[in-house]
Amino acid sequence: MQLNDGICTFYRPDDGRGSGNFPGKTAKELYPAWYGERTVGFSRFFTAQQANTRVDVLIRVLRMPRKNQICAGDLCRLRDGNLYRIVQAQFVRDPEAGCECVDVSLERIGEKYELT
């Protein structure tokens, strides 16, 4: 397992309310991690389309501490500077390294968030 594509940072969107009772566009940092890009296979790609989502990038990271566990709906900023929404976090065991990992399916978003 190679995690040499850069460092990504995971964020959790704020569930607080902005002005006029609209959702706020802020997100709190959860955890930075080294990641390795993986190939988005046909099965994953078309399954996401059936659920009216898309998977633009698939990355693998080491499993993070339980208090910082990521889930669908959280955000991720990759080395390219783009912000992505987590579509799926699949917990797996890497057979080569023998350690717990997370395969994270990401959908690129155009929304602006204030990251803290």
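Which residues is Glu107 in contact with, leaving aside its neighbours within four places in sequence? To find out, select Glu107 in this predicted model. The contacts are Thr53, Arg54, Asp56, Tyr84, Arg85 and Val87. Glu107 belongs to strand 6, and its relative accessibility of 14% places it among the buried residues.

**Confidence colouring**

Before continuing, colour the chain by pLDDT. The mean over the chain is 82, and 80% of the residues reach 70 or more. Among the elements of the chain, strand 4 has the highest mean, 94, while helix 1 (residues 42-50) has the lowest, 57.

**Strand 3 and its partners**

Next, select residues 57-62, which form strand 3. Five of these six residues are buried, so the strand is largely enclosed by the rest of the structure. Strand 3 runs antiparallel to strand 2 (residues 26-38), with four bridges between them; in one pairing, Tyr35 has Val61 as its bridge partner. Strand 3 is also antiparallel to strand 6 (residues 99-108), and here six bridges make the connection. To view this pairing, display Leu62 and Cys101, which stand opposite each other.

**Strand 1 and its partners**

Move now to strand 1. Eight bridges link it to strand 2 in an antiparallel arrangement, and Tyr11 is paired with Glu29 of strand 2. Strand 1 is likewise antiparallel to strand 4, through three bridges. Phe10 can be displayed together with Cys76 of strand 4, the residue it stands opposite.

**The nonpolar cores**

Show side chains for Cys8, Phe10, Ile59, Val61, Leu78, Val104 and Leu106: these have the most contacts inside the largest nonpolar core, which comprises 17 residues. At least two residues of this core come from each of strand 1 (6-13), strand 2, strand 3, strand 5 and strand 6. A further core, of six residues, lies apart from it and includes Tyr11, Leu83, Ile109 and Tyr113.

**The cysteines**

How many disulfides does the structure hold? The number is zero. Select Cys8 and Cys76 to examine one candidate pair: the sulfur of Cys76 is the closest cysteine sulfur to that of Cys8, yet the separation is 4.2 Å, too far for a bond. The cut-off for a disulfide is 2.5 Å between the sulfur atoms. Cys8 is buried, with 0% relative accessibility, whereas Cys71 is partly exposed at 37%.

**Asp80 and its loop**

Where is Asp80 found? Select the loop between strand 4 (75-77) and strand 5 (83-94), and Asp80 will be within the selection. Its relative accessibility is 46%, so Asp80 counts as partly exposed. Two interactions of its side chain can be drawn as distances. One reaches the backbone nitrogen of Asn82 at 2.9 Å. The other is a polar contact of 2.9 Å with the side chain of Tyr84. Tyr84 is also one of the residues in contact with Glu107, where the tour began.

As a final step, place a C-alpha to C-alpha distance between Asp80 and Cys8. These residues are 72 apart in sequence, and the distance in space is 9.4 Å.

Definitions and conventions: Residues are numbered from 1 along each chain as its sequence is written. Side-chain values use heavy atoms; hydrogens and water are left out. Buried means under 20% relative accessible area, exposed over 50%, partly exposed in between (1.4 Å probe, protein chains only). A polar contact is a pair of N or O atoms within 3.5 Å; within protein, one must be able to donate a hydrogen and the other to accept it, and residues adjacent in sequence count only if both atoms are side-chain atoms. Two strands pair if DSSP finds at least two bridges between them. pLDDT is the predictor's confidence in each residue, from 0 to 100. A nonpolar core is a set of buried Ala, Val, Leu, Ile, Met, Phe, Trp, Tyr and Cys residues joined through side-chain atoms within 4.5 Å. Contact means heavy atoms within 4.5 Å.
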